[in-house]
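Trainee: Got a minute to go through this one with me? I'd like to start with how the chains touch.

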Amino acid sequence: MTEQDVIRKTNEVFEESFEIGKERLVPEAHIFNDLGLDSLDIVDLVVALQKKFGVVIRSDERVQKIRTLGDIYQFIASLGQERTDRKDA
Amino acid sequence: MQLKRVVITGMGAVSPLGMGVSSLMQGIAEGRSAVRSMPGWEAYKGLRSLVAAPAPLVNEKDIPRQARRSMGPMSIFSVQASQEALRDSGFDSSQLASGRVGCIIGSTMGGATSINEVFEIMIPKKDLTLLTSMKFFQCVSHTAALNVAQFFGIKGVVMATSAACASGLQAVGAAYDLIRLGRQDAVLCGGAEELHPTVTGSFDVLFATSAGFNQSPSETPRPFDAKRDGLVCGEGAAVMLAEEYEHARARKARIYGEITGYHTCSSGLHISQSSREALAVCMKNALKSAEVLPAEVDYINAHATATVQGDKEEAEAVRDVFKDTVPVSSLKGYFGHTLGASGALELIATLMMMKDGTLCPTRNLTEVAEDCKGIRHLQKPLQKKARCILKNAFALGGLNAAMVVRAL
């Protein structure tokens, strides 16, 4: 999956699950302060990302550190990279 | 202790006949049926009844996402009906957070759509990881009450009556009791329900649904009729503002009527079959608590769902208490059986009939069944200024409720 695919699909999650317009979906957007999500939304964000990308991240401690949309792009991309690394190994 | 008086000062509804009380009354006045075929329901193996009365789910995005995320359709209906009721009442919204205003909205079993979604997610792989945080709030039996209370910032008593098809009337009754006792000044109260094939299915397996009119939906249900063959499920929400009389008077509120009597009881005899004796006891006790004689009642709004057994028992019970003098009609031929919403929705329609001076007939009642004779059925509109009405609501589980309302 390309970086652009990660960004596009992550943004789709925010549009579909949280009804946030495309124009607000910039990498530096803080998911609580700028996009208005709260702790309950984070549970649903994880579920939606799992569904969208076919990954299991519910117990991944790195989720706790996510603050911006850019953090999510990087985190999802790193999962893809980890899978590639595991295959290569 | 001097009990307080309780009046209805605001009403709101989302019904199969449309958004708002005016759509409800216009549909009834025009004799329209909201019952239609339900494409896709035939996929449910063994489901005999393929008709229902859906309500319009519109303008839901007017409710902000973070408030709406915990709402299934029935909670959205309830918020919209509550908005209308509060607007209609002219109630000062700053009082909603005073702790003196409550919210009691009943339903049969909570959010049927969400409950089924949870099963569909969890059961195939016993996997919890795809469950969203909001499913609990959308499913629970108090989903409508909690969502309305949270949406309006209500801090008083919040409860959800759960007595199947008597839930809505029990909610109004519970509000009546709280206000009478002086524990609340006002309560948003009523009932809500949402359609799902499994809801119709729960009646279908008991052979209580209408299955003979799948090709001609508007001809069913047929309360008290010789060709009645069961109920048709509907959905929606009905909410009214019950208010302490002096409180309402002090703010010069319009009063639709005063609740003067209420009773709810169990038959203690059978879980599914209505009992003529128990229904009569319920109505008599409601009249007694209102200090009203049967002859003083101007109109009875029947529960009559068009089941073969239930209508017969209700007709007999009404005959036992009122003989054949009081006009009786059921509204389910217009919009089906809205289950947990029905008692409150039909009470709203009845209060509007009192206000307008026209008593509406039972739709689809073309030939009164032999076993439902001996009471004064309304088969056409009756111009009559009803001053005192009785509303019945009965439920699976042998539960009964009856309420008396007087015009002021």
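Trainee: How many residues does the contact take from chain A and from chain B?

Mentor: Chain A gives 10 residues and chain B gives 6 residues. Two residues are in contact here if their C-beta atoms, placed from the backbone, lie within 7 Å. Before you go on: this is a predicted model, where local features need pLDDT of at least 70, side-chain atom pairs count only at pLDDT 80 or more, and totals for chains, interfaces and linings use all residues. Residues are numbered from 1 along each chain as its sequence is written, while chains are lettered from A and ligands numbered from 1 in the order in which they are written.

Trainee: Ok. Which helix brings the largest share on the chain A side?

Mentor: That's helix H2 (residues 39-53) of chain A, with 6 residues. Helices (H or I, at least four residues) and strands (E, at least two) are DSSP runs, numbered from the N terminus.

Trainee: And what's that side made of, by class?

Mentor: On chain A, the side touching chain B has 5 nonpolar, 1 polar and 4 charged residues. Ala, Val, Leu, Ile, Met, Phe, Trp, Tyr, Cys and Pro count as nonpolar, Asp, Glu, Lys and Arg as charged, and the others, Gly among them, as polar.

Trainee: What does chain A look like overall, in helices and strands?

Mentor: It has 3 helices and 0 strands, so to speak α-α-α along the sequence. Its radius of gyration is 13 Å, close to the 12 Å from the globule rule for 89 residues, so chain A is as compact as a globular protein of that length. That radius is taken over C-alpha atoms, and the rule is 2.2 Å times the number of residues to the power 0.38.

Trainee: How much of chain A counts as buried?

Mentor: 18% of its 89 residues. Buried is 20 or more other C-beta atoms within 10 Å of a residue's own, exposed is 12 or fewer, and partly exposed is in between, with C-beta atoms placed from the backbone.

Trainee: Switching to chain B. At what angle do H3(B) and H6(B) pack?

Mentor: Helix H3 (residues 73-89) and helix H6 (residues 143-152) of chain B pack at about 45 degrees, with their axes 9 Å apart. Axes are lines fitted to C-alpha atoms, for helices over the stretch in contact, and angles run from 0 to 180 degrees between N-to-C directions. The pair is therefore oblique: under 35 degrees is roughly parallel, over 145 roughly antiparallel, 65 to 115 roughly perpendicular, and the rest oblique.

Trainee: Which classes make up that contact?

Mentor: The contact of H3(B) with H6(B) has 6 nonpolar, 5 polar and no charged residues.

Trainee: What about H1(B) and H13(B), how do they cross?

Mentor: Helix H1 (residues 20-29) and helix H13 (residues 342-356) of chain B cross at roughly 75 degrees, their axes coming within 10 Å, and are therefore roughly perpendicular. B:Val21, B:Leu24, B:Met25 and B:Ile28 of H1(B) meet B:Ile348, B:Ala349 and B:Met352 of H13(B). That's 7 nonpolar, no polar and no charged.

Trainee: Last one: is B:Val187 buried or exposed?

Mentor: B:Val187 is buried, because it has 32 C-beta neighbours inside 10 Å. B:Val187 sits in strand S7 (residues 186-193) of chain B, and beyond four places in sequence its contacts include B:Val101, B:Cys103 and B:Ala242.
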